[in-house]
Amino acid sequence: MKDWYLDVATDPQEVLKQALGFRDKIWQWFTDIDMWMNVLFSGLRLLIIFILTRIIIKVVYNVIDRSLQRKTGGRMLSNTRRFTTVGELLKNVVTVICNFVMILLVLSEFHFDLAPLLAGAGVLGLAIGFGAQSLVKDVITGFFIILEDQFAVGDVIQTGTFKGTVELIGLRTTRLLSHTGEVFIIPNGSILNVTNYSIANALAVVDVPVKMERSLESTLGLIAEALKGIEERSESVLAYPNVLGVQSMSTAEYVVRVAASCQPNAREAAERQIQNDIKQALEKQSAQEAARAEQEAREAAEAEARAAAEMRAAEGGLEADEPGGASSAPSRQVAAAQEEERGKNSGT
């Protein structure tokens, strides 16, 4: 260290030359046209990459919004929450992909070797895929359930042994509420087959058993009369039911089938309404028949009583008119006694 100080102190010209050389290097660096042109072009490329990435993301966002809005007029994605879920999911995927590509292009501008980075990302993605393959399967299946609108919140569906009303649709699970109150949480990856009871109109079918003694024509007329205005009494029934006629028959009864178009997932309610109306009509007719039979029996009894009274009156009149009738027997007995008394007196 002392030698260095001595060298510096003893050789000031060398120190001056070193200082001038360092200054020349700095000046040369600042005045290097090629270097600054490379920096300028690199900066412009980075700016263009960033701007193009933003433009691409914005354009894809608009395409997603317009595509989904065109499909809201029909059945697909008519639910606002589902529309928002699908749109946001697609936008997030586009954002991640575009930003990842932008980062790779920026690193390439700084002369980074991207091969090890891409290989490491591939290995990491493969490890995550193997470690969470069920989760990835659930998410992918949930995405397509939402995108294809296989069922919506409020629909009644059945998948496997689970049946109920859809309460929640997520990217990983679907929640069902059964009619008895159980809540089923089903992973989307296990939803293979779905039966949706809420898409198309249902058909309510009611079989009415009737005793063989009843007339078919009167029964059909009674059922048709009972079902008039049912579509106004019940929101489940869409149109006036069709009385199809005799469905089956035995020695004791025959069965009349009635079919009606009803709201989706309202078949049970429509069938109950049809059965209630027909039952009330049958009860009313039975009450009328019983009242009519009672009236006829009462009139018949009154007629028989009048006939019996008239007959007794007629028989009483005939007995009064006949001389040898029962009413003259005492007078004949009195006359005979008097005759016998007179005979005894004359003999004495």
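Two strands are taken as paired if DSSP finds at least two bridges between them. In the predicted model, strand 6 and strand 8 (residues 253-262) meet this condition, pairing in the antiparallel sense over ten bridges. Within this pairing, A204 stands opposite A260 in strand 8.

Strands 6 and 8 belong to an open sheet of three strands, in which the order is 6-8-7 and the pairing is antiparallel. Strand 6 (202-211) and strand 7 (242-249) form the edges of the sheet, each pairing on one side only. From one strand to the next, the twist averages 25°. In general, the strands of a sheet pair through backbone hydrogen bonds, in either a parallel or an antiparallel arrangement.

The surroundings of T174 were examined separately. This residue is found in strand 3 (residues 173-177). T174 has a relative accessible area of 1% and is therefore buried, the cut-off being under 20%. The side chain of T174 is joined to that of N188 by a polar contact of 2.7 Å. Residues up to four places away in sequence aside, T174 touches F151, V166, L168, I169, F184, I185, I186, N188 and I191.

Cysteines were also considered. A disulfide is a covalent bond linking the sulfur atoms of two cysteines. With a cut-off of 2.5 Å between cysteine sulfur atoms, the count of disulfides is zero. C98 has a relative accessibility of 15% and so counts as buried. C262 likewise counts as buried, because its relative accessibility is 0%.

Key: Residues numbered from 1 in each chain as written. Predicted model: local features only at pLDDT ≥ 70, side-chain atom pairs only at ≥ 80, totals over all residues. Heavy atoms only, no water. Helix = DSSP H or I, 4+ residues; strand = E, 2+ residues; numbered from the N terminus. Axes fitted to C-alpha atoms, helices over the stretch in contact; angles between N-to-C directions. Buried < 20%, exposed > 50% of the residue type's maximum accessible area, 1.4 Å probe, protein only. Polar contact = N/O pair within 3.5 Å; in protein donor to acceptor, adjacent residues only side chain to side chain. Contact = heavy atoms within 4.5 Å.
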